[in-house]
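Me: Please take a close look at the aromatic rings in this model and at what lies around them. I would like one connected account, with the cut-offs behind each term stated as you go.

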Amino acid sequence: QAPRHCHCHRPATATMYLLLKYVHILSSVVLVGTGFGTAYYLFFANRSGNVAAQAEVARLVVRADWWFTTPAVIVQPLTGLAMVYLAGWPLSTPWIAWSLALYVLTGALWLPVVVLQVRMARMAAQAARDGQPLPAAYWRCARWWEALGYPAFVAMLVVFWLMVSKPG
């Protein structure tokens, strides 16, 4: 259902709101689900001691970020802001303002994570080709990757809570 205070009294506008909401929810599932899933596999591949597995998982994590996470990162604010407009909510509404701020924070954490993942994938692929252990630089990147990833996930969980509960 479109919000009761929605400025979209025309059926076509209410339908557009619901379509945007559907796409917004699906893209949030892709965004957080892919992020959590790929982080899970890379986290445990990094603890396997198997350089070939680490190389393959890191390669696939980078691919998943380009194919799934990046489009979802773009779709999320577009659909969210379109719904805000159609519903007539001001951007200063507390739950909207906090959601946007946390989304920007998550993006600021995610961008370096993507760079780290690409570096890790390259280093792991090289080590696997050469039959060598991973270099110390790989493990530094992995520590930063985890350190940035945890607060990004927590921020997205808070955004989910804000979207569902709409406090204040």
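Reply: A residue is called buried when its relative accessible area is under 20%, exposed when it is over 50%, and partly exposed in between, using a 1.4 Å probe and protein chains only. By that rule Trp89 and Trp95 are both buried. The model is a predicted one, in which local features need a pLDDT of at least 70 and side-chain atom pairs count only at pLDDT 80 or more, while totals for chains, interfaces and linings use all residues. Residues are numbered from 1 along each chain as its sequence is written, and side-chain values rest on heavy atoms, with hydrogens and water left out.

The setting comes first. The chain contains four helices and zero strands (DSSP runs of H or I with at least four residues, or of E with at least two, numbered from the N terminus), and read from the N terminus its elements follow the order α-α-α-α. Its C-alpha trace extends over about 65 × 25 × 20 Å along the principal axes. Of its 168 residues, 41% are buried. Among the contacts (heavy atoms within 4.5 Å) with a separation of 6 or more, 74% join residues that are 24 or more positions apart.

As for the rings themselves, six aromatic pairs are counted, where the rings of Phe, Tyr and Trp (for Trp the six-membered ring) pair if their centres lie within 6.5 Å, and planes under 30 degrees apart are stacked, over 60 edge-to-face and the rest tilted. One of these pairs is formed by Trp89 and Trp95, whose ring centres are 5.3 Å apart and whose planes meet at 80 degrees, an edge-to-face arrangement. Trp95 also has a charge over its ring, since in this model the charged end of Lys166 sits over it at 4.9 Å from the centre (NZ of Lys or CZ of Arg within 6 Å of the ring centre and within 35 degrees of the ring normal).

Lys166 deserves a further word. This lysine belongs to the segment after α4 and counts as partly exposed because its relative accessibility is 37%. Its phi is positive, near 45 degrees, although it is not a glycine. Most residues other than glycine have a negative phi.

A second group of rings is made up of Tyr40, Tyr41, Phe43 and Phe44, which ring pairs link into a cluster. Here too a charge lies over a ring, with the charged end of Arg47 placed 3.5 Å from the centre of the Phe43 ring. Phe43 and Arg47 are in turn the residues touched by Glu146, when those up to four places away in sequence are not counted. Glu146 lies in helix α4, residues 136–165, and it is classed as buried because its relative accessible area is 17%.

The buried residues of α4 include aromatic ones, among them Tyr138 and Trp145, as well as Ala152, Ala155 and Met156. Ala152, Ala155 and Met156 are also the contacts of Thr106, once its neighbours within four places in sequence are left aside. Thr106 lies in helix α3, residues 94–130, and counts as buried because its relative accessible area is 10%. Another buried aromatic residue is Tyr17, with a relative accessible area of 4%, and its place is in helix α1, residues 11–45. Its C-alpha atom is 23 Å from that of Thr70, a residue 53 positions away along the chain.

The helix lengths complete the picture, the expected span being 1.5 Å times one less than the number of residues. For α4, with 30 residues, the distance from first to last C-alpha is 44 Å, close to the expected 44 Å. The 37 residues of α3 should span 54 Å, and its end C-alpha atoms are 54 Å apart, so the two agree. Just after α3 comes Gly131, with a positive phi of about 65 degrees. Helix α2, residues 51–87, also has 37 residues and an expected span of 54 Å, and its end C-alpha atoms lie 51 Å apart, which agrees. It has a kink of about 40 degrees centred on Asp65 (the angle between axes fitted to the seven residues ending at a residue and the seven starting there). After α2 comes Gly88, whose phi is positive, near 80 degrees.
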